Amino acid sequence: MELHHFFTTQRVLIVAGKGGVGKSAVAAALALASARSGVRTLLVSLHTESIEVPANEHLEHVTVTPGGALSDFLASKGMGLLSRQLARSGIVELVATTAPGLDDLLVLGRIKAYEKDKRAEVIIVDGPAAGHAIDFVRAPAQLKRAIPSGPIGQQSDEVITMLTDPSRCKLLMVTTAAMTPVMESSEVIHELQHTLGMTLLPIVVNKCERDVPDLSIDSLDAPLRDAYNYASTRMHAQHTALATLNDLTQSEQLRVHRYVTEGADLVESLASELATRIQELP
């Protein structure tokens, strides 16, 4: 698999995963790997606090909030002055989060606008936690049923079309090789594929432990023997979780190792390993 092909088979790539699995780091690493392959890449964060990403001439990083998305929408309708006045009073953020699902629709609408304007060749979204991922992509359909006409109905239609078109949008799940995140990720994947009609990329299995070699523990002193037994037990649990993930999803897996670094150094390490794993895909 060529990196350029992997990243450009869709224009929007949404990354989701259970809290604690390293979703934001993986999203940033994918964006960096994409940029390094020569693809103009836009990394979209949904939170003001985001992980540090090494600079690259092909990579742009923006933050999208519901209030900011609403301001942009009003400005696009010729109401820029009104939106700025509302923003200064704090009303924009309040309005954007009042109706259930409206905040998600506004954010997805902003991402759709980036895609339509060809802001980049691929837009990688540091998306919601796995539990919220279903609500995030379900919001347009729910709002469409509640408000079928007008700007909200039109925006919902356009976002739904984007989400369900595999040439425009795909979703990538991040998990770790432990039973709880594997089970939750599998449930989310099933719902997104079979109920919401989304297309998924290979699953990134983050924070994989290194293989433990077979050793004769008879010659080891007690502390080393205990450490070896502990590492072996964790490795066995990891293999069980990975087998379960494979049985439940039948999806390709991109397995990357656990790193003790953080911030930009972590993104750098993950980007290099993810690039290698992607190139190993058929």
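## Starting at N206

Let's begin inside this predicted model, with the residue N206. Setting aside residues up to four places away in sequence, N206 touches V21, G22, V26, V174, T175, T176, A177, V256, H257 and L270. You can find N206 in strand β6.

Is N206 buried or exposed? Its relative accessibility is 4%, and buried means under 20%, so N206 counts as buried.

## The whole protein

Now step back and look at the full chain. The protein has eleven helices and seven strands. It contains 282 residues, and 47% of them count as buried. About 13600 Å² of the protein is exposed, with carbon and sulfur atoms supplying 53% of that area.

Try tracing which parts of the chain meet. Among contacts with a separation of 6 or more, 74% join residues that lie 24 or more positions apart.

## Helix α11 and its cover

Helix α11 covers residues 263-279. Its 17 residues reach 25 Å from the first C-alpha to the last, close to the 24 Å expected at 1.5 Å a residue.

Which residues of α11 are buried? They are A264, L266, V267, L270, A271, E273, L274, A275 and I278. The cover over these buried residues includes α1, α2, β6 and β7. L270 is also one of the residues that N206 touches.

E273 deserves a closer look. Glutamate belongs to the charged class, and E273 has a relative accessible area of 6%, so it falls under the 20% limit and is buried. Leaving aside neighbours within four places in sequence, E273 is in contact with R255, V256, H257 and Y259.

## Where α2 meets α11

Helix α2 spans residues 23-36, and its axis comes within 8 Å of the α11 axis, crossing at roughly 65°. The crossing is right-handed. On the α2 side, the contact is made by A25, V26, A28, A29, L30, L32, A33 and R36. On the α11 side, it is made by L266, V267, E268, L270, A271, S272, L274, A275 and I278. By class, the residues of this contact divide into 14 nonpolar, one polar and two charged.

The numbering within a helix can help you here. An α-helix has 3.6 residues a turn, so residues three or four places apart point the same way.

S24 is also in helix α2. Its relative accessibility is 29%, which lies between the 20% and 50% limits, so S24 counts as partly exposed. Not counting neighbours within four places in sequence, S24 is in contact with I51 and D126. The C-alpha atoms of S24 and S45 are separated by 8.4 Å, and these two residues are 21 residues apart along the chain.

## Where α6 meets α8

Next, look at a second helix pair. Helix α6, residues 102-116, and helix α8 have axes that come within 10 Å and cross at roughly 65°. This crossing is left-handed. From α6, the contact uses L102, L105, L108, G109, K112 and E115, while α8 brings I152, Q155, S156, E158, V159, M162 and L163. The contact has seven nonpolar, three polar and three charged residues.

How far apart are the end C-alpha atoms of α8? They are 20 Å apart, and this agrees with the expected span because 14 residues at 1.5 Å a residue should span 20 Å. The buried residues in α8 are G153, Q155, S156, V159, M162 and L163.

Conventions: Residues are numbered from 1 along each chain as its sequence is written. This is a predicted model: local features need pLDDT of at least 70, side-chain atom pairs count only at pLDDT 80 or more; totals for chains, interfaces and linings use all residues. Side-chain values use heavy atoms; hydrogens and water are left out. Helices (H or I, at least four residues) and strands (E, at least two) are DSSP runs, numbered from the N terminus. The expected span of a helix is 1.5 Å times one less than its number of residues. Buried means under 20% relative accessible area, exposed over 50%, partly exposed in between (1.4 Å probe, protein chains only). Contact means heavy atoms within 4.5 Å. Accessible areas come from the Shrake-Rupley method with a 1.4 Å probe; for residues, only the protein chains shown count as cover. Axes are lines fitted to C-alpha atoms, for helices over the stretch in contact, and angles run from 0 to 180 degrees between N-to-C directions. A crossing is left-handed if the near helix is turned anticlockwise from the far one by less than a right angle, and right-handed if clockwise.
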